[in-house]
Amino acid sequence: MSAETRAAPILRAEGIRKSYRGRLALEVTELEVEAGTTYALLGSSGAGKSTLLRILGLLERPDAGRVLLDGRELSARDRRSRMRLAMLFQKPYLFRGTVGENVAYGLKARRVNPRERDARVAAVLERVGLPGFAGRDARTLSGGEGQRAALARALVVTPEVLLLDEPLSYMDPLNKERLTREFAEILRGEGVTTVYVTHDQEEAYAVADTVGILHEGRFVASGPLDQVMTAPSSTWTASFLGMEPPVRGRIVGRDDGVAEVEAGEARLYGISDLPVGSQVLVSVRPEDVTLFSDTEEIPHSSARNRVRGLVTDIRPKGAMLRVVVSRDDTSFASLVSRAAVSELGIAEGTPVVAAFKAAATRITSAEGHA
Amino acid sequence: MSIIWSSMQEAGRLLANGDPVVWQIITLSLRVSSVATAIGMLIGLPLGYVLGTTVFAGRRVIALLVILLVNTGMGLPPVVVGLFVTLALSRSGPLGFMGWLFTPQAMVLAQVIIATPLIAGVSAAAVGAVPEELRLQARSLGAGRLAEGLLTLNEARGGVLSAIVAGFGGVISEIGAVMMVGGNIEGYTRVMTTAIVTETRMGNTGNAIALAFILLGLALAVNGLLTWLQHMGAAYER
């Protein structure tokens, strides 16, 4: 595949609307997925992710709007259109019969001759890590094996677009982590264009090039992975991503690609191309924020941003603690190890300094965001 | 007590000797009810599939009405079916021109009407238990409507088998409809159930009991086959 075709959007949806019993469940003005990339569709339960995926997969008809593949409109009624896509669900939904029969299902529907069928089934089972499983009864597989067989069943028909609906959400954490990595590797290896629905950011990080976040049926953010995940434009998106609401400010100076932002009494520094005078939103991921004691001498480092404030909230986040530092009406969250919290003697009300690098600080235009 | 004992001896003798009248009755029963069940499957399984997949997906009014009809049909008294089929096939009825009244064809027709709702109703419940995603998965892999339907029926095959057995059991054991539309004509439309009534009334208790045992044996065989198939299925799923 040449660099040129890679950049072209292969899958496009426009003007999609879907209501259930009079309630608008989905309203997507535009969605584009570039060829050979993985697009993660993030959102909490009931956000409309699965509905959108089923519409893209031609399994559900929208009330309005259309889905285009390579610039040509697809129809749910047209089986040939459907054959260019393949979908994977939360559970493997393996059919009665052997693993081989399951994987061969789509090839039979495409009237591939038996000899080629067997060869392709064997090859794809190898690729998903189930070599020699063709003769096994499909219902004797474990959860992870089942989902791999389901992936093989979808990949074997060489779909132009692969649609995955939370394929690993039923796995236990250990298996999930391993399979997420493996799935990401397989998808990259196949070079297949993928739309991957998940509510799990870590999964999105592992598989995606591009991300869209759905909230109540509408996109609240979309774009390259690192941009979307680090620069939320609204309070809801920020809290969904585990961040504090973005800080509003104005660019007052620029120096060597680094913009100086005035936000209330504080001065913040981050990478930005926006001109001086722009109204902006500033955000930083909790992983990038370090806390220091108020009295401590902060070592000289590249952490240009230093915000003095009070600890207003401490709550567990996995093995870490998520500490919120507030000053006036702005706040920053920091992920701190339990040991560090006890060493710093942090409790609610403790004065601290939150420090973070300019490189980790995202500055986006506040225009268009209420 | 001695009457029953001597009747049972009579039954054994009849069966062992291969009494031609008895065998004719048995084969006609099996023929009429098998054909009726087969036709009932051709109508009832697609209907059950549509009902089982539509109701849970769409809740359409028409589907609900058909479900209501099917459910009522599952408890339809054979005598009532017999009455309406007799009226329809009678010389002045809408289907009188076919000249089917008091023929095996009329009996098949009546039994199809009894078997179809049973097969449709039970298979609809079985099909409805197959997850929607499984059908969507098949569709997404390129299955056409027919392939998707066949796959779903195969996934629900335990329940589909029960549906077929319910249909067959409903018609092989009914008497009201075959009596009315067939007329219980000896050597032509007399089946096991009507023969049991006739023989008992005539005092030939031995013949009646012989036929009763055969009917019971048949039920046992059919249910045994079903249980075995379902057991196979269960073992396979493990």
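In which sense, parallel or antiparallel, do strand S7 and strand S8 of chain A pair, and over how many bridges? In this predicted model, strand S7 (residues 161-165) and strand S8 (residues 193-198) of chain A pair in the parallel sense, over five bridges. One of the residues involved is Val161(A), whose bridge partner in S8(A) is Thr193(A). As general background, strands of a sheet pair through backbone hydrogen bonds, either parallel or antiparallel.

These two strands belong to an open sheet of six strands in chain A, which follow the order S6-S7-S8-S3-S9-S10 with mixed pairing. The edges are formed by S6 and by strand S10 (218-224) of chain A, each of which pairs on one side only. On average, and with direction ignored, neighbouring strands of this sheet are turned by 15° against each other. Helix H6 (residues 143-155) of chain A packs on the sheet and touches S6 and S7 of chain A, while its direction makes about 170° with that of S6(A).

The contact between the chains involves 19 residues of chain A and 16 residues of chain B. On the side of chain A, the elements that give two or more residues are helix H3 (79-82), strand S6 (85-88) and helix H4 (99-109). The table sorts the residues on that side by class.

| Class, chain A side | Number of residues |
|---|---|
| Nonpolar | eleven residues |
| Polar | two residues |
| Charged | six residues |

Elsewhere in chain A, Ser283(A) lies in strand S14 (residues 279-283). Ser283(A) is buried because 23 other C-beta atoms lie within 10 Å, and the cut-off for a buried residue is 20 or more. Beyond its neighbours within four places in sequence, Ser283(A) is in contact with residues including Thr230(A), Met243(A) and Arg362(A).

Methods:
Residues are numbered from 1 along each chain as its sequence is written. Chains are lettered from A and ligands numbered from 1 in the order in which they are written. This is a predicted model: local features need pLDDT of at least 70, side-chain atom pairs count only at pLDDT 80 or more; totals for chains, interfaces and linings use all residues. Two residues are in contact if their C-beta atoms, placed from the backbone, lie within 7 Å. Helices (H or I, at least four residues) and strands (E, at least two) are DSSP runs, numbered from the N terminus. Ala, Val, Leu, Ile, Met, Phe, Trp, Tyr, Cys and Pro count as nonpolar, Asp, Glu, Lys and Arg as charged, and the others, Gly among them, as polar. A residue is buried if 20 or more other C-beta atoms lie within 10 Å of its own, exposed if 12 or fewer, and partly exposed in between; C-beta atoms are placed from the backbone. Two strands pair if DSSP finds at least two bridges between them. Axes are lines fitted to C-alpha atoms, for helices over the stretch in contact, and angles run from 0 to 180 degrees between N-to-C directions.
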